[in-house]
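Here is an informal walk through one protein model, meant to be read with the structure open beside you. Rotate it as you go.

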Amino acid sequence: MLRHEFQPGRLVAGLFLTATGVVFAGDAGGLWETPWFAAVPLTVGGLFLAGATAVVARGIRRRGGRAHSG
């Protein structure tokens, strides 16, 4: 398996989009009732948190790289 850079922002986005899918799959399966607009805050909130996570991770990587190179 090829190694690749860990991207926590993509992980957060994937978790929230998966959660949105699970919520609506449970609604479709009759396990619970979900209002149609519930996808909006789940998706937008997840993408916002993913972006914030990516910015923080990028800042940590940049700061860590400067400390080691100097």
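Partly exposed, as used here, sits between two cut-offs: buried means under 20% relative accessible area, and exposed means over 50%. Phe 37 comes out at 45% relative accessibility, so it counts as partly exposed. Keep in mind throughout that this is a predicted model.

**The overall picture**

What does the secondary structure come to? The protein has 2 helices and 0 strands. Its radius of gyration is 17 Å, well over the 11 Å that the globule rule gives for 70 residues, so the protein is more spread out than a compact globule. Measure along the principal axes of the C-alpha trace and you get spans of about 60 × 30 × 10 Å.

How much of the protein counts as buried? Of its 70 residues, 16% do. The accessible surface adds up to about 5,700 Å², and carbon and sulfur atoms own 70% of that. As for contacts, take those between residues at least 6 apart in sequence: 56% of them join residues at least 24 apart.

**Helix H1 and its residues**

Helix H1 runs over residues 8–28, and Thr 20 is part of it. Is Thr 20 buried or exposed? Its relative accessibility is 10%, and because the limit for buried is under 20%, Thr 20 counts as buried. Leaving aside residues up to four places away in sequence, Thr 20 touches Ala 39, Leu 42 and Thr 43. Helix H2 covers residues 39–69, so those three contacts of Thr 20 are worth finding on screen under the DSSP helix numbering.

Leu 15 belongs to helix H1 too, but it tells another story: with 54% relative accessibility, Leu 15 counts as exposed. Leu 11 is also in helix H1, and its relative accessible area of 45% makes it partly exposed. Which residues make up the nonpolar surface patch? Leu 11 and Leu 15 team up with Phe 6 there, and the patch comes to about 320 Å².

Leu 17 is another resident of helix H1. Its relative accessible area is 45%, so Leu 17 is partly exposed.

**A salt bridge and an aromatic pair**

How many salt bridges are there? The count comes to 1. Arg 61 pairs with Glu 5, and their closest N and O atoms are 3.1 Å apart. That pair ties together distant parts of the chain: Arg 61 is in helix H2 (residues 39–69), Glu 5 is in the segment before H1, and the two positions lie 56 residues apart in sequence terms. Arg 61 has 38% relative accessibility, so it counts as partly exposed.

The structure also holds 1 aromatic pair. Trp 36 and Phe 37 form it, and the arrangement is edge-to-face, at 5.6 Å centre to centre with 90° between the planes. Why edge-to-face? Planes over 60 degrees apart count that way, and the angle here is 90°. Of the two partners, Trp 36 is exposed, with a relative accessible area of 71%, while Phe 37 is partly exposed at 45%.

**Across the chain**

Two residues of helix H2 deserve a look. Ala 54 is found in this helix, and at 38% relative accessibility it counts as partly exposed. Ala 57 is in helix H2 as well, but at 15% relative accessibility it counts as buried.

The table gathers some C-alpha to C-alpha separations for residues that are well apart along the chain.| Pair | Apart in sequence | C-alpha to C-alpha |
|---|---|---|
| Ala 54 and Gln 7 | 47 residues | 7.2 Å |
| Leu 17 and Leu 47 | 30 residues | 8.7 Å |
| Ala 57 and Phe 6 | 51 residues | 9.7 Å |
| Leu 11 and Arg 62 | 51 residues | 20 Å |

Some of these names have come up already. Phe 6, the partner of Ala 57 in the table, is also one of the residues in the nonpolar patch. Leu 11 is part of that patch as well, and its C-alpha atom is separated from that of Arg 62 by 20 Å.

Notes: Residues numbered from 1 in each chain as written. Predicted model: local features only at pLDDT ≥ 70, side-chain atom pairs only at ≥ 80, totals over all residues. Heavy atoms only, no water. Helix = DSSP H or I, 4+ residues; strand = E, 2+ residues; numbered from the N terminus. Buried < 20%, exposed > 50% of the residue type's maximum accessible area, 1.4 Å probe, protein only. Contact = heavy atoms within 4.5 Å. Rg over C-alpha atoms; globule rule 2.2 N^0.38 Å. Areas by Shrake-Rupley, 256 points an atom, 1.4 Å probe, with all protein chains shown as cover. Patch = residues over 30% accessible without salt bridge, like charges linked within 9 Å, V, L, I, M, F, W, Y side chains within 5 Å. Salt bridge = Lys/Arg side-chain N within 4 Å of Asp/Glu carboxyl O. Phe/Tyr/Trp six-rings, centres within 6.5 Å; stacked < 30°, edge-to-face > 60°.
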